[in-house]
Amino acid sequence: MDSFRSKIIPVTTLLAILVVAWYAFAVQLNGPFQRDLDRRAGEQPGTLEFLMRTWSQPKPTLPAPHQVAQNFYKSTFTVKPWSNRSLIYHSWVTLSSTFVGFAFGAVLGILIAVGIVHFASLDRSLMPWIITSQTIPILAIAPMVVVVFASIGITGLFPKALISTYLSFFPVAVGMVKGLRSPEVMHLDLMRTYNATRPQVFWKLRVPASLPFLFASMKVAVAASLVGAIVAELPTGAVAGIGARLLNGSYYSQTIDIWAALVAGSIVAVILVALVGLAGRLTDRAMGGRPA
């Protein structure tokens, strides 16, 4: 119970502070437009009425939390999940490319890490390029990838998954390299004393030692993969997906829809990270690990 309270109380306190600050910023950003509306209508509302009006505008600059919550509830629970108006439908479209991109990125990152650890030439030649690749903004790469593949007739899931792969392979590669190199020299010397072969050292020592690093990096990678999938939907002119929902909201100044889509994306990211964490705990338990 004490552990539960130590986790819940700080989170709820921080959430309450964020909500209060959100309402305050909504008044600050929506106030000028509301004052202009009141002046044109010849009205002079009181302070409370003015606050309520700034929190209930149909197209506010910054929607209030309850407006976002109402829109999220309406778009999630009051429409059919396969409807174009459903955030569940749009989230699933984005998730499909996220899963494919994350799978490719994880496999690619692990393969690169294994090569870097076992071949010093790859460490010196490949790692600097991998780091440099992440300095290029994804917003610059996504349109080029989409246009290039569209020119050869490849559209839909694959270009979006490729962009997700680009963002997700890097944390896996870096984390796996750190994990494979984490065994102490004493343990490596002990394996040599036992006359262990290189594959035996890899599977019996390096891989078990790298798993905590791998799953920690995969949490970052799956969130980055989701971001890549959303960004990839923007230049494709997609009609479905969280990115498409954001784009449509920006076209028609539906800021409440935009924020509801952002909340949906955040919830999806939390679920994905939690699933990776659960997979990590199950793997650790299956290998005989004990909880700290």
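**Stop 1: alanine 261**

Select alanine 261, which sits in helix H11. This is a predicted model. Is alanine 261 buried or exposed? Alanine 261 counts as buried, because its relative accessibility is 1% and buried means under 20%. Now show what touches it. Skip the neighbours within four places in sequence, and alanine 261 is in contact with Leu87, Ile242, Arg245 and Leu246. Next, add tryptophan 92 and draw a C-alpha to C-alpha distance. Tryptophan 92 and alanine 261 are 13 Å apart in space, with their positions 169 residues apart in sequence.

**Stop 2: helices H10 and H11**

Select residues 242-251 for H10 and residues 255-286 for H11. How do the two helices cross? Their axes come within 8 Å and cross at roughly 165 degrees. Angles over 145 degrees count as roughly antiparallel, so H10 is roughly antiparallel to H11. The crossing of H10 and H11 is left-handed.

Show the side chains where the two helices meet. H10 brings Ile242, Arg245, Leu246, Gly249 and Ser250 to the contact. H11 brings Asp257, Ile258, Ala261, Leu262, Ala264 and Gly265. Colour these residues by type: 6 are nonpolar, 3 polar and 2 charged. Ala261, from the previous stop, is part of this contact.

**Stop 3: helices H5 and H7**

Select residues 120-133 for H5, then residues 157-180 for H7. H5 and H7 pack at an angle of about 140 degrees, and their axes are 10 Å apart. H5 and H7 are therefore oblique to each other. Their crossing is left-handed.

Which residues make the contact? On H5, pick Met127, Ile130, Ile131 and Ser133. On H7, pick Tyr166, Phe169, Phe170 and Val177. This contact of H5 with H7 divides into 7 nonpolar residues, 1 polar and no charged.

**Stop 4: from H7 to H9**

Stay on H7 and select lysine 160, then add glutamate 233 in helix H9 (residues 198-233). Lysine 160 forms a salt bridge with glutamate 233. The closest N and O atoms of this pair are 3.8 Å apart. What does the pair tie together? Lysine 160 lies in H7 and glutamate 233 in H9, so the bridge links parts that are 73 residues apart in sequence. Lysine 160 counts as buried, at 9% relative accessibility. Glutamate 233 also counts as buried, at 0%.

**Stop 5: aspartate 36 and its partners**

How many salt bridges does a search of the whole structure find? The search finds 6. Go to another of them in helix H1, residues 2-41. Select aspartate 36 and arginine 40, which form a salt bridge with their closest N and O atoms 3.2 Å apart. The two residues are separated by about one helical turn, because they are 4 residues apart in H1.

Turn on the surface and compare the partners. Aspartate 36 is buried, with a relative accessible area of 18%. Arginine 40 is exposed, at 70%. Now add Arg39: salt bridges that share partners join Asp36, Arg39 and Arg40 into one network.

**Stop 6: helix H2**

Finish at helix H2, residues 47-54. Select arginine 53 and glutamate 49. These two form a salt bridge, and the closest N and O atoms are 2.6 Å apart. Arginine 53 and glutamate 49 are 4 residues apart in H2, so about one helical turn separates them. Glutamate 49 is partly exposed, with a relative accessible area of 39%.

Methods: Residues numbered from 1 in each chain as written. Predicted model: local features only at pLDDT ≥ 70, side-chain atom pairs only at ≥ 80, totals over all residues. Heavy atoms only, no water. Axes fitted to C-alpha atoms, helices over the stretch in contact; angles between N-to-C directions. Parallel < 35°, antiparallel > 145°, perpendicular 65-115°, else oblique. Left-handed = near helix turned anticlockwise from the far one by under 90°. Contact = heavy atoms within 4.5 Å. Nonpolar A, V, L, I, M, F, W, Y, C, P; charged D, E, K, R; others polar. Salt bridge = Lys/Arg side-chain N within 4 Å of Asp/Glu carboxyl O. Buried < 20%, exposed > 50% of the residue type's maximum accessible area, 1.4 Å probe, protein only.
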